[in-house]
Amino acid sequence: MVNAASDVLRQQTLPLMRSPYEMKIICIDITNKCDLACSNCTRLLENQDGLWEMTPENFRLAARSLADYPGIIAVIGGNPVMHRQFEEICRIFVEEIPRKEQRGLWTNNAFKHAALAKEVFGIFNLNPHGVERGIKSLESLKEGAWYHEGHSSHSPLLTAGRDLYDEAEMWARIAHCDVNQEWSASIVQNNGKLRAYFCEVAASFDLARGTDHGIEPVPGWWKRNITAFDDQVAHFCPGCGVPARLEGHMDCENTDTYTATNADIALKSRKKNRNVIELTPDEISRQISKQIDHKVTQYSTNLRGTSERRRLPRPRTIFERLKAMF
Ligand code: SF4
């Protein structure tokens, strides 16, 4: 619920936030299928109820809505190459976005599509999360790419700012949110409909809750000022954990941390054998006192040293995850 004080603080925060047209990258999420199940995934994949794939027709409309956007358009998921019509998606992307240097692919494993990806995409963000089969599949794509071979750590998304801070501190943190300042707006397919969001994480919350607070991605939607996304900011940011930058679990630890506001979506993932840890008030104070001084996502091959990295558990495969569900 939005009260008057929160309303004033939000209005003071909005001018400090970036609008989509100021972002260097805008994402198109084409599926929530993924062969990994990383802790604190920014897509909240383990918290969504079913699997979805963007239709090729919707992908064309999404790409077309960004026709004169000058930045990178990142095709992402889940793992986007797991889309069953990935070849068709690639063909449409080339037709709609002629400049190869604008066409981005964000993936952890290219599977059988490495050669096609090299032909179609001009920019890559490759993060195999320390998994050998992914590292091998990305070998031919990594030259000149953003490449993060080792494990990563994300701060929790489900530790809501409103459960951790007073209103003033919460909005001050949202004004400097790493995702808004450095990452992307996004277009997803939400319950069959194409939807745009000022923030990729906001889209994840909508998908996890089965709600629809997105806007129709009409051509040029991304040119709107952040103030035009006021409703989305008011709805999503206070419930989001990104600005808190709490210490997270390693990608391979299959563990998410949450606070009361997000219990509904955190607990859903237990059905998939996810470890979920609720922060008690005592634990909240302890976590706040030792919060991280780096960005919300830490990519590294030496987060915990090479020898310890080798002892980390292997992330579950998609088959193991499905087996755990039934
Ligand atoms: S939804 Fe979360 S990640 Fe996105 S801008 Fe708001 S606080 Fe930042």
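**Note on the predicted model: one helix pair and two buried residues**

1. The crossing of helix 1 and helix 7 is right-handed, and this point, like those that follow, concerns a predicted model. Helix 1 covers residues 4-13 and helix 7 covers residues 167-175, and the two pack with their axes 9 Å apart at an angle of about 20°. Because that angle falls under 35 degrees, helix 1 counts as roughly parallel to helix 7.

2. The residues that make this contact can be named from both sides. Helix 1 contributes S6, L9, R10 and T13, and these meet E167, A168, W171, I174 and A175 of helix 7. By character, the residues of the contact divide into 5 nonpolar, 2 polar and 2 charged; R10 on helix 1 and E167 on helix 7 are both among the residues that take part.

3. As to the whole chain, the protein contains 14 helices and 11 strands, and 58% of its 326 residues count as buried. When contacts between residues at least 6 apart in sequence are considered, 71% of them join residues at least 24 apart. The exposed area of the protein comes to about 14300 Å², of which carbon and sulfur atoms supply 53%.

4. N262 deserves a look in the viewer, in the loop that runs between strand 9 (255-258) and helix 11 (263-268). Is this loop residue, N262, buried or exposed? The computed relative accessible area of N262 is 0%, and since buried means under 20%, N262 is classed as buried. Leaving aside residues up to four places away in sequence, N262 touches L157, L158, T159 and A160, and also F205, R209 and G239.

5. G134 offers a second buried position, this one within a helix: G134 lies in helix 5, which spans residues 132-137. Its relative accessible area is 2%, and G134 is therefore counted as buried, the cut-off being under 20%. With residues up to four places away in sequence set aside, the residues that G134 touches are N108, N109 and P128.

6. A separation in sequence can also be set beside one in space for G134. How far apart in space, C-alpha to C-alpha, are G134 and T107? The two residues are 27 apart in sequence, while their C-alpha atoms are 9.2 Å apart in the model.

Methods. Residues numbered from 1 in each chain as written. Predicted model: local features only at pLDDT ≥ 70, side-chain atom pairs only at ≥ 80, totals over all residues. Heavy atoms only, no water. Helix = DSSP H or I, 4+ residues; strand = E, 2+ residues; numbered from the N terminus. Buried < 20%, exposed > 50% of the residue type's maximum accessible area, 1.4 Å probe, protein only. Contact = heavy atoms within 4.5 Å. Areas by Shrake-Rupley, 256 points an atom, 1.4 Å probe, with all protein chains shown as cover. Axes fitted to C-alpha atoms, helices over the stretch in contact; angles between N-to-C directions. Parallel < 35°, antiparallel > 145°, perpendicular 65-115°, else oblique. Left-handed = near helix turned anticlockwise from the far one by under 90°. Nonpolar A, V, L, I, M, F, W, Y, C, P; charged D, E, K, R; others polar.
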